[in-house]
Amino acid sequence: MPRTSNPAPKPVIAFEGVSKTFKIKHAHSFKQAFISKIKRKELSTDFHAVDNVSFQVPEGQSVALMGRNGSGKSTTLKLLSGVMEPESGWIRTRGRIAGLLEVGAGFHPDLTGRENVYLNAAILGMSKEETDDRFDEILAFSEIGDFIDTEVKRYSSGMYARLGFSVAVHTELDTLLVDEVLSVGDAEFRKKCEQRMLELQAQGKTMFIVSHNANQVKKLCERGIVLSQGKVIFDGPIDEAIVRLQSNPDAVETAFPVTGVIYDYYSADPERFGAPLGPQQEARGATPGIYQEFELGVITSYVPEGREETLTSGLSRGHFLAVYQRNGGPNGDWGLIHSQPSGKLEDYESRTMEYSNGTAVFTLDTGIHFHPRGGSPAV
């Protein structure tokens, strides 16, 4: 008998020569438009969000779409999901696609979480009977609890993300599209989402993920497509894609290099911290270590007393960062960062964060108070 080889997986996504252009207006009033016309200035310019992009994704493959802000990632995902239509080229998809393109997409603010589950599920192609059968699983996974019968306009962004993701991953889908929404939930829920996506991957589902988190896409994806100014500049193995993204010449040049253990932490999610504001420095407080400040936060590194391994952690925009900086940051009384915030305010829990010199506690009633090790609380 002649030998037969296994046929190659059929593509479930095909982009061919796809382009999408937006008009950027430079005049926002009749007066500005009139003056610009007299001075013969352009009233608008074309922005090529997606510029002649072509790729195919075979069935069962997990792909990360990567690039700097404004590179065309979200526009590509919206074209793929059918939210937008291309101006040129063509797009083909097979099977049912469940898209999670932004936090709360498909939710009506005046409806309850329960009502929005049914609305969102219907948008994703599920019947009422299918949603009835899976409602308890959706609710349990989202961890919304009693808030399910509260209007979603009262939800936090984290609650939006949990419920939206839970609906998306409990539909009968062939392809899952995810656009950065996993960066909204807390660390514990992100791990839960990643585990669910790995389960879908094991079931042979196709995944198309937009994320700036290098560690996350390395876990979930085997292939990376890197965009720059609307064009594909790399399409290949995920490890090579991450290197290409980090060495992209479109990246902001800086006179302050990020190196060593701080680079290892920073490179996992550079968009979270932004560009460095200065060089790495030695902490002048009671705990020896180093730190580096960025546009959107700070990263510290030190060896905790009685341990051998170096602890590197960062803090970005939020209540803890503002109060931490007001109290001297890495050189102040709180010391160096020991952990990420934990605790869910929506579940009436305190938010706590460990530092080398004590613990910061945040509640809606009392704000942030710092508890030094072996001392009394301080504001």
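This dialogue walks through one sheet and the helices on it.

Student: What kind of model is this?

Tutor: It is a predicted model, where local features need pLDDT of at least 70, side-chain atom pairs count only at pLDDT 80 or more, and totals for chains, interfaces and linings use all residues. Residues are numbered from 1 along each chain as its sequence is written, and side-chain values use heavy atoms, with hydrogens and water left out.

Student: What is the order of the strands in the open sheet?

Tutor: Strands are DSSP runs (E, at least two residues), and helices are too (H or I, at least four), numbered from the N terminus. Two strands pair if DSSP finds at least two bridges between them. Here six strands run in the order 5-6-7-3-8-9, with mixed pairing. Strand 5 and strand 9 (231-237) are the edges, and each pairs on one side only.

Student: How many bridges join strand 5 to strand 6?

Tutor: Four, and the two strands run parallel. Strand 6 covers residues 175-179. Ile97 stands opposite Thr175, and Ala98 stands opposite Leu176.

Student: Which residues of strand 5 are on the covered face, and which on the uncovered one?

Tutor: Ala98 and Leu100 are on the covered face. Ile97 and Gly99 are on the uncovered face.

Student: Which strands does helix 5 touch?

Tutor: Contact means heavy atoms within 4.5 Å. Helix 5 (residues 157-169) packs on the sheet and touches strand 5 and strand 6.

Terms used: Buried < 20%, exposed > 50% of the residue type's maximum accessible area, 1.4 Å probe, protein only. Axes fitted to C-alpha atoms, helices over the stretch in contact; angles between N-to-C directions.
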